[in-house]
Amino acid sequence: MLIKQVIELFDILDSSTASGAAVEAYLKSVNPKANVQVYPLVGPKGSTDMIKIRIPGTNGKANGGSAPTIGILGRLGGLGARPEMTGFVSDGDGALTALTVASKLLDMQVKGDYLDGDVFISTQICPHAPTQPHKPVPFMGSPVNMAQVNKEEVSPELDAILIVDTTKGNRVINTNGFAISNTVKQGWILRVSEDLLDVMCRTTGKLPYVFPLSMQDITPYGNDVYHLNSILQPCTATDAPCVGVAITTETAVPGCATGASHFTDVEEAARYMLEVAKYYGKGEVSFYDQDEFAMLQEKYGSMAHLQTLGNVK
């Protein structure tokens with residue numbers, strides 16, 4: 001269980017002075033050997049602290065091995081919407097969940113448990129983010145552009161990516177807990193991975209939930225079309241297969257709402273991603289069928305144009 005990690009990190013992030021430095025200090029208190037990088041990222045509406053954690057596996061690329069690398073990205077606009085809202089907002093759950101995974105993996109290594117493959121975890125720390133209009137409920141904005149964050153978080157070293165994001169401001173996912181998406185790769189919305197569904201069933205003890213995707217959702221922000229939220233934005237900047245892990249509710253909850261985070265949902269989503277990382281590094285979990293993807297490409301051609309802003313008039 002990851003309840004301890006959730007509580008400790010929430011205490012750090014639920015602050016008007018939350019910072020990447022504070023999170024780095026916490027992670028190094030868990031494991032003094034932690035490879036943590038923190039730096040400011042400046043955007044059109046202010047700045048945020050980017051944080052990256054690299055956790056090497058026994059057979060990972062960092063040690064000269066061949067095991068694949070998984071990326072776990074915590075997506076959000078901000079941890080808080082101060083001064084408009086007081087306290088930790090619902091939108092912050094993406095960062096909380098990703099950092100919970102990082103803390104647990106670092107603690108596991110102290111206790112002698114190592115994964116096969118490398119794990120790259122990244123998110124941003126911003127206690128003062130703007131809000132923006134969106135239906136059916138307001139979105140959290142961000143001091144930086146989505147393309148900036150993609151550039152920092154998405155790199156060629158990642159062989160598969162899980163993106164965790166609060167996804168409560170809608171009426172198409174109607175359950176408390178979390179749901180996963182289809183696999184998205186190079187503009188294709190592929191079938192849902194059976195392996196990822198199996199891990200979900202094991203970790204939750206329940207039937208799996210899958211949230212619907214539209215073509216709009218896998219196109220870049222800035223093209224003036226509707227997006228469910230930013231959960232699949234990394235797919236616009238990589239050839240690696242991407243899967244969204246959406247923290248969900250039965251009713252539509254604004255991203256800027258406070259008092260709306262549920263530690264059970266965060267812990268469950270974090271535990272799920274940790275288990276996926278374990279099995280992915282061992283080659284026992286696949287995000288997509290490579291042969292079928294190749295056949296789709298051969299029959300219908302590339303869909304990579306959906307990773308761009310398209311024709312601009």
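**Exercise 1. Locate Gln186, and decide whether Gln186 is buried or exposed.**

Solution. Gln186 sits in the loop that joins β9 (184-185) to β10 (188-189), where strands (E, at least two residues) and helices (H or I, at least four) are DSSP runs numbered from the N terminus. The model is a predicted one, in which local features need pLDDT of at least 70 and side-chain atom pairs count only at pLDDT 80 or more, whereas totals for chains, interfaces and linings use all residues. Residues are numbered from 1 along each chain as its sequence is written, and side-chain values use heavy atoms, with hydrogens and water left out. Next, consider accessibility: Gln186 counts as buried because its relative accessibility is 18%, given that buried means under 20% relative accessible area, exposed over 50% and partly exposed in between (1.4 Å probe, protein chains only). Finally, consider the backbone: Gln186 is not a glycine, yet has a positive phi of about 50 degrees.

**Exercise 2. Carry out the same analysis for Asp224.**

Solution. Asp224 belongs to the loop between α5 and β11 (242-248). Asp224 has a positive phi of about 70 degrees, although it is not a glycine. With a relative accessible area of 79%, Asp224 is exposed. Most residues other than glycine have a negative phi, and most peptide bonds are trans.

**Exercise 3. Find which peptide bond is cis, and place its proline.**

Solution. The bond from Arg82 to Pro83 is cis, its omega being near 5 degrees. Pro83 itself is found in the loop between β3 and α3 (93-110).

**Exercise 4. Describe the surroundings of Thr203.**

Solution. Begin with the element: Thr203 is part of helix α5 (residues 194-204). Thr203 counts as buried, since its relative accessibility is 12%. If residues up to four places away in sequence are set aside, Thr203 touches Arg271, Tyr272 and Glu275, contact meaning heavy atoms within 4.5 Å.

**Exercise 5. Identify the residues with the most contacts inside the largest nonpolar core, and follow one of them outward.**

Solution. A nonpolar core is a set of buried Ala, Val, Leu, Ile, Met, Phe, Trp, Tyr and Cys residues joined through side-chain atoms within 4.5 Å. The largest has 82 residues, and those with the most contacts inside it are Ile53, Ile121, Ile180, Leu232, Tyr272 and Phe287. Taking Ile53, and again leaving out residues up to four places away in sequence, one finds contacts that include Leu27, Val36, Leu99, Phe120 and Ile121. Another core, of six residues, lies apart from the largest one, and Ala81, Val89, Cys126 and Met140 are among its members.
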